[in-house]
Amino acid sequence: MNMLTEAGVEQQIADQADIAAIKMRGKGVTVHYGDKQALFGVDLDVPEKQVTALIGPSGCGKSTFLRCLNRMNDTIAICRVGGDITLDGEDIYDPRIDVVELRARVGMVFQKPNPFPKSIYENVAYGPRIHGLTRNKAELDQVVESSLRKAALWDEVKDRLQEPGTGLSGGQQQRLCIARAIAVSPEVILMDEPCSALDPIATAKVEELIDELRQNYTIVIVTHSMQQAARVSQRTAMFHLGYLVEEGATDKMFTNPDDKRTQDYITGRFG
Ligand SMILES: Nc1ncnc2c1ncn2[C@@H]1O[C@H](COP(=O)(O)OP(=O)(O)OP(=O)(O)O)[C@@H](O)[C@H]1O
């Protein structure tokens, strides 16, 4: 029988406490597109109910890593992912995992707002309906309203729910896409440069929203804006040429990074 020492038991409890605070964990993650390797052994923990920013020069692999977290890379035929990625300790690349369900738990908001060519209401109602999350119209109405409220859009659209989502401004469309992601009650929301197509006012609104959302959701955001990473995130991970250079508390990463490449990048010396 396997006897654990007292110290061993304490360590196990400490490890479990650590796992509880980590929502997603990447270990030795590699990605190849055909013969070309885009990620090299990335180890990165995503803490629960915090915002983790992925930064680094163009082509360093930020979006590739983000897409590994909900198996979005599965849609790219030449893409192969190696290493381990877990959600609440469970291997998301296990063949028994239902990818549709995984993507409901780990939702995604893209760079360019991409509402469906349907009404504002239908954009938000679509997910809960296909996942069978509501029993009747009243419940669906309730989910649509609460999702639009959480995305800070309700007041602007409540009198025009039947109008097309594509008729909204860019910033409103992006908040509609966030409402659509929220509607299926995800645990993690991945955002790939969600503000790059928005003006400064719409950007400020989305950033404010991200800050509110972290009370209930774990967020991972790819951004090219150092100001945005500093404003919205608690953790920052710096990538370079497919490697994770370093990661840590955002305050430290922006004031006293360990690696010169991070220092050079955040001060605009390369990238
Ligand atoms: N679908 C694809 N097919 C082939 N190569 C790809 C594909 N997507 C990305 N790559 C390559 O993988 C590497 C990492 O790209 P990725 O888009 O992850 O970087 P990034 O840091 O997000 O860049 P950016 O900041 O410009 O969006 C790049 O060399 C890129 O050319």
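**Briefing: sheets, helix packing and ligand shell**

Over residues 24–266 the chain is 37% helix and 27% strand, and the C-alpha atoms at the two ends of this stretch are 26 Å apart. The UniProt record, an unreviewed entry, places the feature "domain: ABC transporter" at residues 24–266. The model is predicted. Its strands include an open sheet of four, ordered β2-β1-β4-β5, and an open sheet of six, ordered β6-β7-β8-β3-β9-β10.

**The four-stranded sheet**

- Pairing in the β2-β1-β4-β5 sheet is antiparallel. The edges are taken by β2 and β5 (90–91), each of which has a single partner strand, so one side of each is left without a neighbour in the sheet.
- Strand β1 (residues 22–33) is joined to strand β2 (residues 36–47) by eight bridges in the antiparallel sense. Within this pair, V29 stands opposite V42 of β2, and V31 has L39 of β2 as its bridge partner.
- The hairpin of β1 and β2 has two residues between the strands, and G34 takes a positive phi near 60 degrees there.
- Strand β1 also runs antiparallel to strand β4 (residues 79–87), with eight bridges between them. In this pairing, the bridge partner of G26 is I85 in β4.
- Strands β4 and β5 are antiparallel and are joined by two bridges. T86 has D91 in β5 as its bridge partner.
- The hairpin of β4 and β5 likewise has two residues between the strands, with D88 at a positive phi near 50 degrees.

**The six-stranded sheet**

- The sheet ordered β6-β7-β8-β3-β9-β10 has mixed pairing. Its edge strands are β6 (106–109) and β10 (243–249), each pairing on one side only. From one strand to the next, the twist averages 20 degrees.
- At one edge of this sheet, β6 pairs with strand β7 (residues 188–192) in the parallel sense over four bridges. The bridge partner of V106 is V188 in β7.

**Helix packing**

- Two packed helices are described by the angle between their axes and the distance between the axes.
- The axes of helix α4 (residues 120–130) and α7 come within 7 Å and cross at roughly 30 degrees. This angle makes α4 roughly parallel to α7, because angles under 35 degrees count as such. The crossing of α4 and α7 is right-handed.
- Helix α7 (residues 170–182) also packs with helix α8 (residues 200–213), their axes coming within 9 Å and crossing at roughly 20 degrees. The angle makes α7 roughly parallel to α8. The crossing of α7 and α8 is right-handed.

**The ligand shell**

- Which residues surround the ligand? They are Y33, A38, G56, S58, G59, C60, G61, K62, S63, T64 and I76.
- Helix α2 (residues 62–68) supplies the largest share of this shell, with three residues.
- By class, the shell has four nonpolar, six polar and one charged residues.
- The four-stranded sheet is represented in the shell: Y33 is among the surrounding residues and lies within β1 (residues 22–33), while A38 is also listed and lies within β2 (residues 36–47).

Terms used:
Residues are numbered from 1 along each chain as its sequence is written. This is a predicted model: local features need pLDDT of at least 70, side-chain atom pairs count only at pLDDT 80 or more; totals for chains, interfaces and linings use all residues. Two strands pair if DSSP finds at least two bridges between them. A residue is near a molecule or strand if its C-beta atom, placed from the backbone, lies within 6 Å of it. Ala, Val, Leu, Ile, Met, Phe, Trp, Tyr, Cys and Pro count as nonpolar, Asp, Glu, Lys and Arg as charged, and the others, Gly among them, as polar. UniProt positions are given in the numbering used here, feature names are shortened, and annotations may be inferred rather than shown by experiment. Axes are lines fitted to C-alpha atoms, for helices over the stretch in contact, and angles run from 0 to 180 degrees between N-to-C directions. Angles under 35 degrees count as roughly parallel, over 145 as roughly antiparallel, 65 to 115 as roughly perpendicular and the rest as oblique. A crossing is left-handed if the near helix is turned anticlockwise from the far one by less than a right angle, and right-handed if clockwise.
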